[in-house]
Protein chains: 2
Amino acid sequence: MMKTNQPTINDVARLAGVSKKTVSRVINRSPLLGEDTRRRVEQVIADIAYIPNPQARALALGRNFLIGLVHDNPNAQTVMNVQQGLLEGLHGSEFELVVRPVDRASPTMLEDLTHFLERQRPFGVLLMPPISEDDRIAALCTEIGCRYVRMSSAIIDAPERMVASNDRDAVRGATDYLLAQGHRRIGLVAGPQGFRSAQERREGLEQALSAAGLTLPRSLVADGAYTFDSGIDAGARLLDQWPRPTAIFCCNDAMAAGVLHAARERGLDVPADLSIIGFDDTPIAAQIWPPLTTVRWPSVSMARAAALKLTGAASDDVTAEPSFLASSLVRRGSVAPPRG
Amino acid sequence: MMKTNQPTINDVARLAGVSKKTVSRVINRSPLLGEDTRRRVEQVIADIAYIPNPQARALALGRNFLIGLVHDNPNAQTVMNVQQGLLEGLHGSEFELVVRPVDRASPTMLEDLTHFLERQRPFGVLLMPPISEDDRIAALCTEIGCRYVRMSSAIIDAPERMVASNDRDAVRGATDYLLAQGHRRIGLVAGPQGFRSAQERREGLEQALSAAGLTLPRSLVADGAYTFDSGIDAGARLLDQWPRPTAIFCCNDAMAAGVLHAARERGLDVPADLSIIGFDDTPIAAQIWPPLTTVRWPSVSMARAAALKLTGAASDDVTAEPSFLASSLVRRGSVAPPRG
DNA sequence: TTGTAAGCGTTATCAC
DNA sequence: GTGATAACGCTTACAA
């Protein structure tokens, strides 16, 4: 903010021939106000293009209008989606979005975050997975007195502090789709230990298999790290055995792209020799060959819901709900019935 | 910011037995201060964990500590890189990053931006391409009195308001690489009209060809829109002619992925039948098959440099420079000598 | 329905 | 060197 000669509330008051407080009432839409007074003040505001100073408001109110996005997410598109959803939910309000990436691996992560929360004292923060699953961070927010909402693949906090997706159900549906195509040897590229999303997605697969009278043998599970490279490795492990799986569910798209890569290296045709399903519906899913069937994570709508909860713009009954949003299957070219 | 009982400057002053102003001097590292007074005050600050209130500071100083990132960039990874670079440049300072995506296509875009700048009055903003190339936006910032730095593929403003990359040189280098492999029929998937990056990259190609005594016939140029789909279309146009180009330079990776897709649809082997080079080095470049040779855009370091310029943290001679940062060729698997 | 006075937590001015 | 005192622009008592 450069030093400017912006009109202040005093200018408005003087020109309208009223007191500051009356102007303040107009700004804050106080109901007890004479209709003609209001109109006169509004006219002056429009005339001189008066804009209330957010800093002064923040000081007087003892709170600011900053919503923080705290994330440690390796997937750029997901972060952007969440930003977009947050901004949609914040649109028309006086809140601003400040972003704060943190490094989950850093020993000073909690310290850094504390520093941010204490200095800036944002009105509220949205915690993105995977760090949203770290209870220490939620505890830190509570201790500092900063409201928060956690985004996760399962309900891990009080409803008013949660927006959740139904990853387990979505993966169950995706697995049913594979089963309906005739697949029986279905492999899993799992997500990293400690990620709730990884756990939920795995359980979705296991539940669907179990409901079909099948099991998931250890040999058909390969651990991954949510990265492309780990997908290549996991794909190698699953595909270098006999009999091979005819289909593989991957806990995210990056790993699915890696499995696809591994399949191609082995001369396997996707989907004829191997069907693949990913999770996230990142841009890469539509841009690799064949285009990847995947589960779309409702990142934008989750973030939008979170914004409303954080700012209190949602009605109380909405706020009190956990905001369960549906992940859904996006069918593209990487799935076909198994050969023979 | 919840209503809290944070210690204030008054608490520090009282406990240290000095005036507020003295405490203020300690906080702001005023040089004219007794050594023992300073130490005593600092001790109290540490004891009661006092943190100055940014809102009050902002009000008193008549400026805030917000740096805005204004973008309309379709590429998530690039935006994240820029955010990262900005935050690196801002690290240790008292500045916060607020993000403001805008919709270039919206008729209210300028209005929306005006609203943001006037209400929030950020200390400075970084303008990302492509909207950084819109002179109306730069003019708007000037008019409102908000400092800005533009990121672009060429120098389009005063040095202190620019960080630029050398796209033209980089593409010239990439083209030389293709020429050295023996390619002579080199096609171009151009970027959209009006994008400076598209223009610079095209000129890089043309300059390199020209230096080799070659020209770029109209038939080997296909216009694209920086999207995957437009890359498929452009690839179709270039590949459905005879003789076909043996190599194609694409003005970004998304379009290169589209061309790769189009090549595969026609049964062409990349790189044996067709070499492809992209631009940006987005994650997809490394995750498609074959991995894409591409030019890396120095987004992180450009943004870092921009942060220093915006906050005045850079020394004056650095600030006065245009901050020309180098794009560089990343060699992967999508380029080989032409057949025969 | 409107106005007055007193803050909110910090910095700038100008004495001492 | 240090400290009263008055801003900064707004809101919340509390009156009127």
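# Exercises on a predicted protein–DNA model

The largest share of the surface near DNA strand C comes from α4(B), with 5 residues. The model is predicted. Work through the exercises in order.

**Exercise 1. Describe the surface near DNA strand C.**

Solution.
- Step 1: count. DNA strand C is surrounded by 26 residues.
- Step 2: find the closest. They are A:Gly34, A:Thr37, B:Ile9, B:Ser24 and B:Ala60.
- Step 3: list the elements that give two or more residues. Chain A offers α2 (20-27) and α4 (54-61); chain B offers α1 (9-16), α2 (20-27) and α4.
- Step 4: sort by class. The surface has 12 nonpolar, 9 polar and 5 charged residues.

**Exercise 2. Find what relates chain B to chain A.**

Solution.
- Step 1: superpose. A turn of 180° and a shift of 0.1 Å along the axis lay chain B on chain A, with an RMSD of 0.2 Å.
- Step 2: name the relation. It is that of a two-fold axis.
- Step 3: compare the contact residues. 100% of those of chain B recur in chain A, so the same surface serves both copies.
- Step 4: look at the axis. B:Val98 comes closest to it among the residues of chain B, with its C-alpha at 2.2 Å.

**Exercise 3. Break down the side of chain B that touches chain A.**

Solution.
- Step 1: count. Chain B gives 42 residues to the contact, and chain A gives 42 residues.
- Step 2: list the elements of chain B with two or more residues there. They are α4 (54-61), α5 (76-90), β2 (96-101), α6 (109-120), α11 (253-265) and α12 (283-287).
- Step 3: pick the largest share. α5(B) supplies it, with 7 residues.
- Step 4: sort by class. This side has 24 nonpolar, 11 polar and 7 charged residues.

**Exercise 4. Check the length of α5(B), then its surroundings.**

Solution.
- Step 1: predict the span. At 1.5 Å a residue, the 15 residues of α5(B) should span 21 Å.
- Step 2: compare. The end C-alpha atoms are 21 Å apart, which agrees.
- Step 3: ask about burial. 13 of the 15 residues of α5(B) are buried, so the helix is mostly covered.
- Step 4: look past the end. B:Gly92 follows α5(B) and has a positive phi, near 85°.

**Exercise 5. Locate the nonpolar cores.**

Solution.
- Step 1: start with the largest. This core has 94 residues.
- Step 2: find the residues with the most contacts inside it. They are A:Cys250, A:Val259, B:Cys250 and B:Val259.
- Step 3: trace one of them. A:Val259 touches residues including A:Val189, A:Ile248, A:Cys250 and A:Ile276.
- Step 4: find another core. It lies apart and has 86 residues, among them A:Met128, A:Leu310, B:Val99 and B:Phe123.

Key: Residues numbered from 1 in each chain as written. Chains lettered and ligands numbered in written order. Predicted model: local features only at pLDDT ≥ 70, side-chain atom pairs only at ≥ 80, totals over all residues. Least-squares fit on C-alpha atoms with pLDDT ≥ 70 in both. Contact = placed C-beta atoms within 7 Å. Helix = DSSP H or I, 4+ residues; strand = E, 2+ residues; numbered from the N terminus. Nonpolar A, V, L, I, M, F, W, Y, C, P; charged D, E, K, R; others polar. Near = placed C-beta within 6 Å. Core = buried A, V, L, I, M, F, W, Y, C linked by C-beta atoms within 7 Å. Buried ≥ 20, exposed ≤ 12 C-beta atoms within 10 Å, placed from the backbone. Expected span 1.5 Å × (residues − 1). Lists of a residue's contacts leave out its neighbours within four places in sequence.
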